[in-house]
Amino acid sequence: MKNLKKTFAIIFIGQTISLLTSAIVQYAIIWYITYKTGSAIDLAIASVAGILPQIILGPIAGVIVDRFDRKKIMMCSDGMIAIATLVLGVLFIYGEPSILGMYIVLAIRSLGSTFHSPSFTASIPMLAPNEELVKISGINQVINSATLIIAPMLAGVLFGTIPLPYIMFLDIIGAIFGIGSIAIVKIPNPERENEKSNILSEMKEGFLEIRKSRYLVVLTIYVIAICIIFMPIASMYPLITKNYFGLEAIHISVVEVLFSIGMLIRRSSNGKRSWI
């Protein structure tokens, strides 16, 4: 039990720092585009760049994670995100990067997250016994929720007080902690029953499994619909705050924090009802 606590303490500390710094940088990039261009189209493209890799590669990410070393996938994903952010920070020091360049960085960061997140989630059951999974998953959810609340506040303060390149370099520090925490922990990979199966056949099996459950089908459609409706509205929050209300980045962060708190309360209330 001591080794289990130590293992997850190392992982959660490293991943929390990495997740927090990455979220701060993500907010800073979006806000910079907002204040630099003041264009709804540019902001919409930035939002698309930040989510399109997940839409395209999300369905195969889980399959790839199950076929290859999850530890290496997480470390490479963190490293790729850090390198892209480092390049952007250096460009800010020596000039001003193009908006196209920022779109590319957002896409690379999204690509890294597409493979890192399922790798991390799938690694938890390989490290923890079944009786501890609920507790550990709960801790992971608390960390994610806390990050959604803390990151916008810190981003709002930092965006208005320090030069943007230094905010970019925070992600390098976070990546060092994230990669380091994974590197020193042994993460086993699951045994594969059929080594000859290919990625497409495994994707097909996954979709067939979803189709077997009416609840999974409804849930999938519900999530897709919410994303389609909500994403355009969410991507315009910074621009609405700046152009319509004439407020600053710190006020944008307040909106993001309040939204995250509302989502957390909503999720908690749904959880309580599910036990009634």
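The following exchange concerns a predicted model of a single chain.

Biologist: How many helices and how many strands does the chain have?

Modeller: In this predicted model, the order of elements along the sequence reads α-α-α-α-α-α-α-α-α-α. The count of strands is 0, and the count of helices is 10.

Biologist: What is the mean pLDDT of the chain, and over which residues does pLDDT stay under 50?

Modeller: A pLDDT of 70 or more is reached by 90% of the residues, and the chain mean is 81. The stretch where pLDDT stays under 50 has 1 contact beyond four places in sequence in the model. That stretch is residues 271–276.

Biologist: What percentage of the residues count as buried?

Modeller: The chain exposes about 16,000 Å², and carbon and sulfur atoms supply 71% of that area. A residue counts as buried when its relative accessible area is under 20%. Of the 276 residues, the buried share is 36%.

Biologist: Among contacts between residues at least 6 apart in sequence, what share joins residues at least 24 apart?

Modeller: One pair far apart along the chain is Gly-14 and Ala-175, at 161 residues in sequence and 8.5 Å from C-alpha to C-alpha. For the contacts of the chain between residues at least 6 apart, the share joining residues at least 24 apart is 86%.

Biologist: Which helix supplies the largest share of the largest nonpolar core?

Modeller: The largest nonpolar core holds 29 residues, and those with the most contacts inside it are Ile-29, Trp-31, Ile-33, Leu-164 and Met-168. At least two residues each come from α1, α2, α3, α4, α5, α6 and α10. The largest share, 9 residues, comes from α1.

Biologist: How many residues make up the other core, which includes Phe-12?

Modeller: This core lies apart from the largest one. Among its members are Phe-12, Ile-124, Leu-127 and Ala-128. Its residue count is 15.

Biologist: Which residues are in contact with Ile-29, leaving aside its neighbours within four places in sequence?

Modeller: Ile-29 is one of the residues with the most contacts inside the largest core. One of its partners is Met-168, which is named in that group as well. With neighbours within four places left aside, the residues in contact with Ile-29 are Leu-88, Met-102, Val-105, Leu-106, Arg-109 and Met-168.

Biologist: With which residue does Arg-109 form a salt bridge?

Modeller: The structure holds 2 salt bridges. In the one formed by Arg-109, the closest N and O atoms are 2.5 Å apart, and the partner is Asp-171. Arg-109 belongs to helix α4 and its partner to helix α6, so the pair ties together parts 62 residues apart in sequence. Both residues are buried, and the partner asked for is Asp-171.

Biologist: Are Glu-96 and Lys-36 buried or partly exposed?

Modeller: The side chains of Glu-96 and Lys-36 meet in a salt bridge, at 2.6 Å from N to O. Glu-96 lies in the loop between α3 and α4 and Lys-36 in helix α1, so this bridge ties together parts 60 residues apart in sequence. Relative accessibility is 49% for Glu-96 and 45% for Lys-36. Each value falls between the 20% and 50% limits, so Glu-96 and Lys-36 both count as partly exposed.

Biologist: How far does α6 reach from its first C-alpha to its last?

Modeller: Helix α6 has 20 residues, for which 28 Å is expected at 1.5 Å a residue. Its buried residues include Leu-164, Met-168, Asp-171, Gly-174 and Gly-178. The reach of α6 in the model is close to the expected value, at 29 Å.

Biologist: Which residues does Gly-14 touch, not counting those up to four places away in sequence?

Modeller: Gly-14 has its place in helix α1. At 2% relative accessibility, Gly-14 counts as buried. The residues touched by Gly-14, beyond four places in sequence, are Gly-174, Phe-177, Gly-178 and Ser-181.

Biologist: What distance separates the C-alpha atoms of Ile-64 and Ser-119?

Modeller: Ile-64 lies in helix α2, and with a relative accessible area of 17% Ile-64 is buried. Ile-64 and Ser-119 are 55 residues apart along the chain. Their C-alpha atoms are separated by 9.2 Å.

Methods
Residues numbered from 1 in each chain as written. Predicted model: local features only at pLDDT ≥ 70, side-chain atom pairs only at ≥ 80, totals over all residues. Heavy atoms only, no water. Core = buried A, V, L, I, M, F, W, Y, C linked by side-chain atoms within 4.5 Å. Buried < 20%, exposed > 50% of the residue type's maximum accessible area, 1.4 Å probe, protein only. Helix = DSSP H or I, 4+ residues; strand = E, 2+ residues; numbered from the N terminus. Contact = heavy atoms within 4.5 Å. Expected span 1.5 Å × (residues − 1). Areas by Shrake-Rupley, 256 points an atom, 1.4 Å probe, with all protein chains shown as cover. Salt bridge = Lys/Arg side-chain N within 4 Å of Asp/Glu carboxyl O. pLDDT = per-residue confidence, 0-100.
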